[in-house]
Structures are given as C-alpha cells and as structure tokens.
Amino acid sequence: LVLLVTQRRQHPEPARHVDGEFEFGAADANGLVGESPALWSLREALAFAARSREHVLIFGESGSGKELSARAIHAQSARARRVMVSRNAATLPESLVDAELFGNAKNYPNPGMAERSGLLGEAHESTLFLDEIGELPPTAQSHLLRVMDQQEGPRAGSVPAIDPWRRGRGVAGMP
C-alpha cells in the first residue's frame, strides 16, 4: 500500500494571466477544477492562447479535455460574443467533407439546394473546434490547411476564381 499525503494551500496564488476568482476546490469559470501547479500552468496557457489571433492545435488522448480547453480559450477570447462551433471530424462523411467544411453553392449538388456556408462560414468571427482532425481524408486536410494559411478554400459547386480552361490554358504545363 502506498499513500501520498499532501497539504494544499488554502488560498493559492492567482495566475498572472487568468481572470476571475473561484471558490477553492470548485470549478473555475471555464469548468477547470484543481489548484495544482500543472493546472495553473494550463490556465495560463489557455489565457495566453485566447489573447492570440493565431490558430491553436490542442492535442491529447481521448477524454483528456480537448473540447473543454477549446471552450475555455473561446470564452476568454475576443470571439466569445459569438457561439463556438464544434464538430467531430470523424463523423463527416468522406464524400461530403468539403461541402460540410466549406459549404456549397446554390443548386449544388442537386437542383434546388440552398447555398450553405459550411462549418467555416458558421464559425466566421468565432471559434471552430474540429475534434479528431486527423481522421479527415488527406485532401480535406490540405484544403483546410490552405484555408488556415491563405483564407481561401474550395466551395463545392463554385467556379474557381481563375479557370485555366476558360483562358485557353491546360493544367500543369499540358497544352
């Protein structure tokens, strides 16, 4: 039998970058419970990420609190006034991944279909949390990376801004 006995401070020092107070032993405003140095470091890291306008990659085992962390970042960010969009990428059907992420043009793929903005459009000026992003097909991952890097992406059924066939050019050096 091994026992570890520790004594917690009654009033831990607040982290430098964490706003708000909470009762000792209770959940904070973001649902995080605990006063360990590791958890205070996590709170500081989440607050730091929330102040950034950059993309954030959260990784960890299943059940480790990735979505809770994403919600904490969103709640502390300038985007908090809008609803966070959350989706498990593994549940997106492979044939519809681009349409689900980037939306589709009116009447595509079927006549009468309404124009949709997709998950990225829904999350405009907000936060998009895609859980299990590694489960996306490689082509969808490359499209998503292009959107993150260049703020442009494929919209299902729309004509590209530059269509090489309309300009009389081939593709990849082909006549």
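Which residue's side chain does the side chain of Asp 28 join in a polar contact of 2.6 Å? In this predicted model, the partner is Arg 43, and the contact runs from side chain to side chain. Asp 28 lies in the segment before α1, the helix that spans residues 37–51. The side chain of Asp 28 also reaches the backbone nitrogen of Asn 30, at 2.9 Å. Leaving out residues up to four places away in sequence, Asp 28 touches Phe 22 and Arg 43. The relative accessibility of Asp 28 is 10%, and Asp 28 therefore counts as buried, the cut-off being under 20%.

From this segment the chain leads into α1, which packs against α2 (residues 66–76). The axes of the two helices come within 8 Å and cross at roughly 50 degrees. α1 and α2 are therefore oblique to each other, since that term covers angles that are neither under 35 degrees, nor over 145, nor from 65 to 115. The crossing of α1 past α2 is right-handed. On the α1 side the contact is made by Leu 46, Ala 47, Ala 49 and Ala 50, and on the α2 side by Ser 69, Ala 72, Ile 73 and Gln 76.

The nonpolar residues come next. In soluble globular proteins, nonpolar side chains tend to be buried together. The largest nonpolar core here has 13 residues, and those touching the most other members are Val 97, Leu 101 and Leu 136. Helices α3 (97–102) and α5 (138–150) each supply at least two residues of this core. A second core, separate from it, has 6 residues, among them Ala 49, Ala 50, Ala 72 and Ile 73. These four residues also take part in the contact between α1 and α2.

Within the largest core, Leu 101 can be followed in detail. When neighbours within four places in sequence are set aside, Leu 101 is in contact with Leu 92, Ser 117, Gly 118, Leu 119, Leu 120, Leu 130 and Leu 136.

Two loops on either side of β2 remain. The loop between α4 (118–122) and β2 (128–131) holds Glu 125, a residue other than glycine whose phi is positive, near 60 degrees. Glu 125 has a relative accessible area of 47% and is therefore partly exposed. Past the strand, Glu 132 is placed in the loop between β2 and α5. The phi of Glu 132 is likewise positive, near 55 degrees. With a relative accessibility of 33%, Glu 132 counts as partly exposed.

Note on methods
Residues are numbered from 1 along each chain as its sequence is written. This is a predicted model: local features need pLDDT of at least 70, side-chain atom pairs count only at pLDDT 80 or more; totals for chains, interfaces and linings use all residues. Side-chain values use heavy atoms; hydrogens and water are left out. A nonpolar core is a set of buried Ala, Val, Leu, Ile, Met, Phe, Trp, Tyr and Cys residues joined through side-chain atoms within 4.5 Å. Buried means under 20% relative accessible area, exposed over 50%, partly exposed in between (1.4 Å probe, protein chains only). Contact means heavy atoms within 4.5 Å. A polar contact is a pair of N or O atoms within 3.5 Å; within protein, one must be able to donate a hydrogen and the other to accept it, and residues adjacent in sequence count only if both atoms are side-chain atoms. Axes are lines fitted to C-alpha atoms, for helices over the stretch in contact, and angles run from 0 to 180 degrees between N-to-C directions. A crossing is left-handed if the near helix is turned anticlockwise from the far one by less than a right angle, and right-handed if clockwise.
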